[in-house]
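Thanks for making time. I will walk through one structure, a few places at a time, and keep it short.

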Amino acid sequence: MIFRVSYRMPSLRPLRLSGELLPKIFLFLLAAAIGFSAASASSAEKPLKGEDILLAAYHRNMARLERNSFGLPLFLESFERDDRVHVDVYGIFDYPFSSVADVLKVPANWCDIVSLHLNVKACTYRELPGAWVLTLYIGRKVYQPPEDTRQVIFHYRNVVRQQEYLDIILSADAGPFGTKDHRMRFEAVPLEGGRTFVHVSYAYSDSVALRLAAKVYFVTLGRDKVGFTMTGTDRNHDPVYIGGPRGSIERNAVRYYFAIQSFMNTLRYPEKNRFSIRISEWYDLTTRHRKQLYELDKKDYLTFKTKEHMNQLILQRQTGTGLQ
């Protein structure tokens, strides 16, 4: 038996759209295209979080942390662009992340940290509505009472405090010698083995007049002041290091890094002994790099800092009672 099945295709006729329907279809297709494009861009350009960026820096530079001129898991990078000078210092602390975060999220601790620096003669802190303010008394590398120094106001911001990431920023609109837009940043993420990877950055802007004055200074009185970045070798094949503003900011950033490290290292001692141990340790850490960081004999530094610390305690009491 034979079956015959037949099917007749309908005739294809041109689709005719009314004048009202055509604009609606066009708008629908346009909206769909925009939505698809936005979704694709969102998935492709999702910004990295701060902790992801910092961990990427750690994995990218593991070799530099192991082998460098510091003899410690530490390295730095700096640049100078237009009127902006910037430095990044990366290193590893042998302390759990929670310990580092608990210490550095306290604004008062930052005063005890930054005042280890030779040029910081004292530091006070106070809380304003919704913000903390640190006043740094900046002076020369010898002893100076607070009234003979310049005051620089830093605003403290605990930008991020998460279970595995810390981001703190200290910023000042105006600094010493006509500098401006000072910004110190501290970031930290945990590593395996109870260690913490940290990032300390410092940046500021200057003026044309200041750059001219700095150029004169660094080719005369400051010609021997250098940083840590190698720019080449001399005729004796000895390393030649960066000078000028980049060298200066590298020196200061490393000093602040060692100040944080010294503060952490002395927390295991009784509180009454911490300050004397801290200034001694900071001095020893910095003078490992004599070419870059040596300025004073240890006896002079310890004497000056002990006097300045007493001044700081008095200033802080006055700040707390509104007498400053």
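Start at His86, which is found in strand β2, residues 84–93. Keep in mind throughout that this is a predicted model. Is His86 buried or exposed? His86 counts as buried because its relative accessibility is 19%, and the cut-off for buried is under 20%. What surrounds His86, leaving aside its neighbours within four places in sequence? The residues in contact with His86 are Glu77, Ser78, Phe79, Ser201, Tyr202, Ala203 and Ile249. The side chain of His86 also has a polar contact with the side chain of Asp88, at 3.1 Å.

Next, the nonpolar cores. The largest one has 57 residues. Within that core, the residues with the most contacts are Leu104, Trp110, Leu134 and Phe186. Which helix gives the largest share of this core? That is helix α7, residues 244–265, with ten residues. Take Trp110 as an example. Not counting residues up to four places away in sequence, Trp110 touches Leu104, Leu134, Tyr156, Ile168, Leu170, Met184, Phe186 and Ile260. Another core lies apart from the largest one. This other core has twelve residues, including Ala57, Tyr90, Val160 and Val189.

Now the charged pairs. How many salt bridges are there? The count comes to eleven. I will go through some of them.

One is between the side chains of Glu308 and Lys121, with N to O at 2.8 Å. Glu308 sits in helix α10 and Lys121 in strand β3, residues 120–128, so this pair links distant parts of the chain, 187 residues apart. Both Glu308 and Lys121 are buried.

Another salt bridge joins the side chains of Asp167 and Arg185, again 2.8 Å from N to O. This pair also links distant parts of the chain: Asp167 is in strand β6, residues 165–174, and Arg185 is in strand β7, residues 180–191, with their positions 18 residues apart. Asp167 counts as buried because its relative accessibility is 5%. Arg185 is partly exposed, with a relative accessible area of 22%. Arg185 forms a salt bridge with Glu187 as well, where the closest N and O atoms are 3.2 Å apart. Glu187 counts as buried, at 6% relative accessibility.

There is also a network of salt bridges, which links Asp102, Lys105 and Arg161.

Last, helix α8, residues 271–286. Helix α8 has 16 residues. From its first C-alpha to its last, α8 reaches 23 Å, close to the 22 Å expected at 1.5 Å a residue. Where does α8 bend? The bend is at Ile277, by about 25°. The buried residues of α8 are Phe275, Arg278, Ile279, Glu281, Trp282, Tyr283, Leu285 and Thr286. An α-helix has 3.6 residues a turn, so residues three or four places apart point the same way. What covers the buried residues of α8? The cover includes α5 (107–114), α7, α9 (290–293) and α10 (298–320).

To recap two of the helices: α7 gives the largest share of the largest core, and α7 is also among the elements that cover the buried residues of α8. Helix α10 is part of that cover too, and α10 holds Glu308, one end of the salt bridge pair with Lys121.

How values were computed:
Residues numbered from 1 in each chain as written. Predicted model: local features only at pLDDT ≥ 70, side-chain atom pairs only at ≥ 80, totals over all residues. Heavy atoms only, no water. Core = buried A, V, L, I, M, F, W, Y, C linked by side-chain atoms within 4.5 Å. Buried < 20%, exposed > 50% of the residue type's maximum accessible area, 1.4 Å probe, protein only. Helix = DSSP H or I, 4+ residues; strand = E, 2+ residues; numbered from the N terminus. Contact = heavy atoms within 4.5 Å. Expected span 1.5 Å × (residues − 1). Bend = angle between axes of the 7 residues up to and from the residue. Salt bridge = Lys/Arg side-chain N within 4 Å of Asp/Glu carboxyl O. Polar contact = N/O pair within 3.5 Å; in protein donor to acceptor, adjacent residues only side chain to side chain.
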